[in-house]
Amino acid sequence: MSHLFPHLFEPITLGSGTIRNRIVSSGHDTVLDDHGQIGPDLVAYHEARARGGCGLIVLQVSGVHETARYTNHVLMATDDSAIPGYRAVAEAVHRHGGTIFAQLFHPGREVMDGQGGMAPRAVAPSDSPQERFKVVPEALSTAQVRDIIAGYASSAARIASSGIDGVEIVASHGYLPIQFFNPRINTRTDDYGGSPENRRRFLTEVVAGVRAAVGPDIVVGLRISGEEKTEDGLVAEEILDLIGHLDEQGALDYFSVTAGDSSTLQGAVHIVPSMQIEPGYATSLSAQVKKVTDLPVMVAGRINQPHEAEAAIAEGRTDMAIMTRAMICDPDLAEKSARDAVDEIRACIGCNQACIGHFQMGVPISCIQHPETGRELTFLPRPHVRRPRRVLVIGGGPGGLKAAAIAAEQGDDVVLCEAAPHLGGAVLLAQTLPYRAEFGGAATNLSAEAARAGAELRTSTPVTQEILAEVAPDHVIVATGAVERMPALEIADDALVIGAREYLSEQPRLPAGRILVADWKGDWIGLGIALRLAESGHPVTLATAANFAGAAIQQYTRTLLVSQALRVGVEFLSDARLVGVDEDTGYLQSTLCEIVHEVDGVAATIVSAAPRAAVPDLDFGPASVEVIGDARAPRTVEEAVYEGLVAATNLARTPTAMASA
């Protein structure tokens, strides 16, 4: 039992079952399905978290009706061919002492993908349009409503027959059950619309039908947004009234509380809240739910660290802590917390880049810090070398640190040399941007992993021929990153033009007046600098060559950043590249046509341009060499860390190095 987290590791009873601790991995789409069913990749993903000590794992949503296909890769529980997959993942989780539930799902109007590239088709209580995906749904007939209700029950029975321990009805984030309850969306006049009793009829019949289908020994829970936090969304009082009614039914075993709504950008940011949002913020909602029910309550919303979970449980704000992204980042979080090894935890930084960001691109989720996530069958278990080799890693940014950590863990003798006084590379600059401080955690986590694995980490050590002679490496991994490159510009009248990296590293004092930020990529850098300057009182124009500001940033994160930039008066110009600057004017060429934009009254211009790879000019002698990350081609932290993992893994898997895994 943990001395630091006694409440977190106290078992809890849900319905007929007991969960070994209060840590939950909630339902989240992984894009690890096998043609709509559970295959080996998804089993391995969840088994890793069960092995890591997670108490309760809730599978991603399972469609209960043919009209529930909200993406082209959703799991479906509508026929018996799905049962072997559920059985396989249940057995894998049970092998390690974990408990596993499955989610019962219908999106209603919240449909992302159409079939075969066509526009999405959706059904809903009424034809109220959906703003975010630009969907106008078909209104369900009464017969169709009852058919979908029956689908919840039959899907639940099918899943329960596989050995899954429980089912969770998804009524959160504006999905179908809560669409029926919302009077601003549901304009029906039959038994499922109009009065509060009629509007909650769909969900009450779903709950009753599921309970009847699975019997008393299978846990039945409900996931619901404690507040939808969007225009026309349900507020806390309405939700609490619904929860009280459902509680009186006596058919549920727990409530899983979250925040937000999928139908608008404003509400969707709460589906996977990024680092701009306070950790544990949604526990205020679960605390309200606990006042209207005696059933156990769990909550999601940026609970990244065990001490945050412990405090929320100890203070009575929740009974269980949903730590999904924390375990995407570190599958062993629960096991490390149980033995109070908090310094070993790889903390989630809330960047959203490879988890929900990958999902929204339709590719399997992962983590920029831990690219083994979603690739368990490729990289785990770790290979071990039979004959250690001398490995030199040049560069202490994220890619170099990951390569050093993995190579040392696999048994090689690793020396990492970083020219700067500190490890972390460009991450150390990124963390200085507004609402980006947590990003520095990536450098802290990777540095600690490399040190624990036994790599020798040298800072303030540029690699020279003398260093090469001293280390005498068998293999060299070059991870020297990229350097700033200024574009070709016409600069007249001693105009003040500064590179973004120079600005972030040196923090020069800028003259009063408008600052033009010229952004090449549409990522964190240009938007972050513009936001910082505007918050400090400068008038700012952010001109980007991308289609819109923050185009390269994950949607929820971008929404919060751009909304804050709007609040502080940042002016935006898109599809425009900087071509020249004079004393007080910036000139930008449209990327779409011949038009040239002029920005007047410019006191200084900050340029975020395409960087250039930095590879040292050294004679590596007989050592084999591999170049990774930005030194190969400038991209992002995700690619650098992944390539560090691949480089080290391949090194261990060469025939001369192989030992039994």
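Guide: UniProt annotations may be inferred rather than shown by experiment, and what you have above is a predicted model, so keep both points in mind.

Visitor: Okay. Where does UniProt place the "NADH:flavin oxidoreductase/NADH oxidase N-terminal" domain?

Guide: The record, an unreviewed entry, puts that domain at residues 8-339. In the model, the chain over residues 8-339 is 35% helix and 16% strand. Its end C-alpha atoms sit 12 Å apart.

Visitor: And which residues does UniProt list for "FAD/NAD(P)-binding"?

Guide: Residues 390-586, once more from an unreviewed entry. Here the span comes out at 35% helix and 23% strand, with 52 Å between the end C-alpha atoms.

Visitor: Let's try single residues. Is glutamine 288 buried, partly exposed or exposed?

Guide: The idea is to compare relative accessible area with two cut-offs: under 20% is buried, over 50% is exposed, and in between is partly exposed. Glutamine 288 has 28% relative accessibility, so it counts as partly exposed. You'll find glutamine 288 in helix H9, which runs over residues 283-290.

Visitor: How far apart are glutamine 288 and alanine 122 in space?

Guide: 33 Å, C-alpha to C-alpha, with their positions 166 residues apart in sequence.

Visitor: What about aspartate 600, buried or exposed?

Guide: Aspartate 600 counts as exposed because its relative accessibility is 53%. Look for aspartate 600 in strand E26, residues 596-600.

Visitor: Which residues gather with Asp600 in a patch of negative charge?

Guide: Asp493, Asp494, Glu583, Asp584 and Glu598 join Asp600 in that patch on the surface.

Conventions. Residues numbered from 1 in each chain as written. Predicted model: local features only at pLDDT ≥ 70, side-chain atom pairs only at ≥ 80, totals over all residues. Heavy atoms only, no water. Patch = residues over 30% accessible without salt bridge, like charges linked within 9 Å, V, L, I, M, F, W, Y side chains within 5 Å. Areas by Shrake-Rupley, 256 points an atom, 1.4 Å probe, with all protein chains shown as cover. Salt bridge = Lys/Arg side-chain N within 4 Å of Asp/Glu carboxyl O. Lys, Arg positive; Asp, Glu negative; His and termini not counted. Charge placed at Lys NZ, Arg CZ, Asp CG, Glu CD. Helix = DSSP H or I, 4+ residues; strand = E, 2+ residues; numbered from the N terminus. Buried < 20%, exposed > 50% of the residue type's maximum accessible area, 1.4 Å probe, protein only.
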